[in-house]
Amino acid sequence: MAKYRIGIYPGDGIGVDVTAEAVRVLQSASQLDGQFSLDLVDLPWGCKYYQSTGKLVPDDFLEVLRPLDAILLGAVGWPALLPDHVTLSPLVRIRQAFDQYVCLRPARLLPGLGCILSGKSAKDIDILVLRENSEGEYVDQGGFFKRHTADEFALQTALHTQRGIERALRYGFRLAQGRRHRLTMITKSNAQRFAFVLWDEALERIAPEFPDVTYERQHADAAVMNFVRRPESFDVVVASNLFGDILTDLGGLLAGGLGLAPSANLNPERKFPSMFEPVHGSAPDIAGQGIANPAAAILSVAMMLDHLGERSSAERIRRSVERAILAGARTPDLGGKNTTEQVGAAVVASLRDAVKEH
Ligand SMILES: NC(=O)c1ccc[n+]([C@@H]2O[C@H](COP(=O)([O-])OP(=O)(O)OC[C@H]3O[C@@H](n4cnc5c(N)ncnc54)[C@H](O)[C@@H]3O)[C@@H](O)[C@H]2O)c1
């Protein structure tokens, strides 16, 4: 039987609540499936850890994570304690150090859930965004100059490599081959005349390797409008780090809200652990109230099981989330009155039913 060592890193705010339910579903899936077992490694890092140690993560945190099979993350950030760019820094380091260059963020509206866009329904919203996750605008290169003088300025450099762009695009084309055979690359090459010209050239070079996929380019400003105007025209979307980050909040909203949006930070070569997390943040506005929607975190567990090769369990979790929500297990963000824990329990019950039916 396969055994997986999974790091559980709940982080801050609602990250803690939603991760508890995601772990509950993961453990139930392992027991019910009977094909794999778990060794869960608690990683109690983040703002509480900072208050007792003066650090967000231990100095050797990457070495602690390196031997794991996967990492399940809740969310990080507590702006009342520390600025966001400080709390987010360990995450960016994990993504880059472990070469998690593919960030997959599906936005699929469940049949039966209303869409925020009038006239659109589940058949119109099924977009898979691949955000390049290891370079681009988030490489953290730059600095402040003439700090705290009237001439103060900041320089922030983006880094786009041919190798980085090509591997993201190839991964995106392969995804499109398994879906509706359409790929849209999103840049801003009309205004950023170096980095995104490299993207445009890479697309034209790589597309002929995938003759069964139709492809197009859109500038980020037009893409935002088209996500709203005609979401059904998107299948796989490949975007740079920053544009992918921005577009997937919108994608999450189209697919029912951030409480339903999962993500996977993948190292496709499996040299390093991959990391799975909801798209949402720590939501200080609702933290501690027990009303955060755990579905995004639970669906991130399904993406983790897909990556580990436990596809039937992954699919069962997805169906159980759908069934529980459609049967009325909903937190306030979906118009319901249930707590985080109640939704987690409903998903576990639905998982049990699915196994019995099978
Ligand atoms: N990967 C991450 O850990 C990550 C991502 C985004 C933001 N953040 C951090 O989170 C903090 C808050 O950021 P923000 O407010 O911009 O974004 P957010 O995603 O935390 O919240 C945005 C809005 O969506 C709601 N929301 C989010 N998740 C929800 C859920 N599961 N159920 C119900 N409602 C939910 C929140 O209540 C809030 O109104 C900041 O510190 C930010 O840096 C972290």
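Student: Is Cys103 buried or exposed, and what is its relative accessible area?

Tutor: Good place to start, and keep in mind that this is a predicted model. To read burial, look at the relative accessible area and compare it with the cut-off: under 20% counts as buried. Cys103 has a relative accessible area of 0%, so it is buried.

Student: And how should I read the 17% relative accessibility of Cys115?

Tutor: Use the cut-off again. Because 17% is under 20%, Cys115 counts as buried too.

Student: How many disulfides does the structure hold?

Tutor: Zero.

Student: Let's turn to the ligand. Which residues come nearest to it?

Tutor: There are 22 residues around the ligand, and the nearest are Val76, Asp84, Gly281, Ala283 and Asp285. By residue class, the shell divides into twelve nonpolar, six polar and four charged residues.

Student: Which polar atoms of the protein should I look at beside the ligand's oxygen and nitrogen atoms?

Tutor: Check whether each protein partner belongs to the backbone or a side chain. At Gly281, a polar backbone atom is 2.8 Å from an oxygen atom of the ligand. At Asp285, an N or O atom in the side chain is 2.8 Å from a ligand oxygen. The side chain of His280 has an N or O atom 3.2 Å from a nitrogen atom of the ligand.

Student: How much of the ligand's accessible area does the protein cover?

Tutor: The size of an interface is often given as the accessible area lost when the parts come together. Here the ligand on its own has 810 Å² of accessible area, and the protein covers 72% of that.

Student: What does the domain assignment of the chain give?

Tutor: Watch for split ranges: domain 1 is 1-101 + 261-358, while domain 2 is 114-255. Their centres, taken over C-alpha atoms, are 24 Å apart. Across the boundary, eleven residues of domain 1 are in contact with eleven of domain 2.

How values were computed. Residues are numbered from 1 along each chain as its sequence is written. This is a predicted model: local features need pLDDT of at least 70, side-chain atom pairs count only at pLDDT 80 or more; totals for chains, interfaces and linings use all residues. Side-chain values use heavy atoms; hydrogens and water are left out. A residue is near a molecule or strand if one of its heavy atoms lies within 4 Å of it. A polar contact is a pair of N or O atoms within 3.5 Å; within protein, one must be able to donate a hydrogen and the other to accept it, and residues adjacent in sequence count only if both atoms are side-chain atoms. Accessible areas come from the Shrake-Rupley method with a 1.4 Å probe; for residues, only the protein chains shown count as cover. Ala, Val, Leu, Ile, Met, Phe, Trp, Tyr, Cys and Pro count as nonpolar, Asp, Glu, Lys and Arg as charged, and the others, Gly among them, as polar. A disulfide is a pair of cysteine sulfur atoms within 2.5 Å. Buried means under 20% relative accessible area, exposed over 50%, partly exposed in between (1.4 Å probe, protein chains only). Domain bounds come from an automatic or database domain assignment. Contact means heavy atoms within 4.5 Å.
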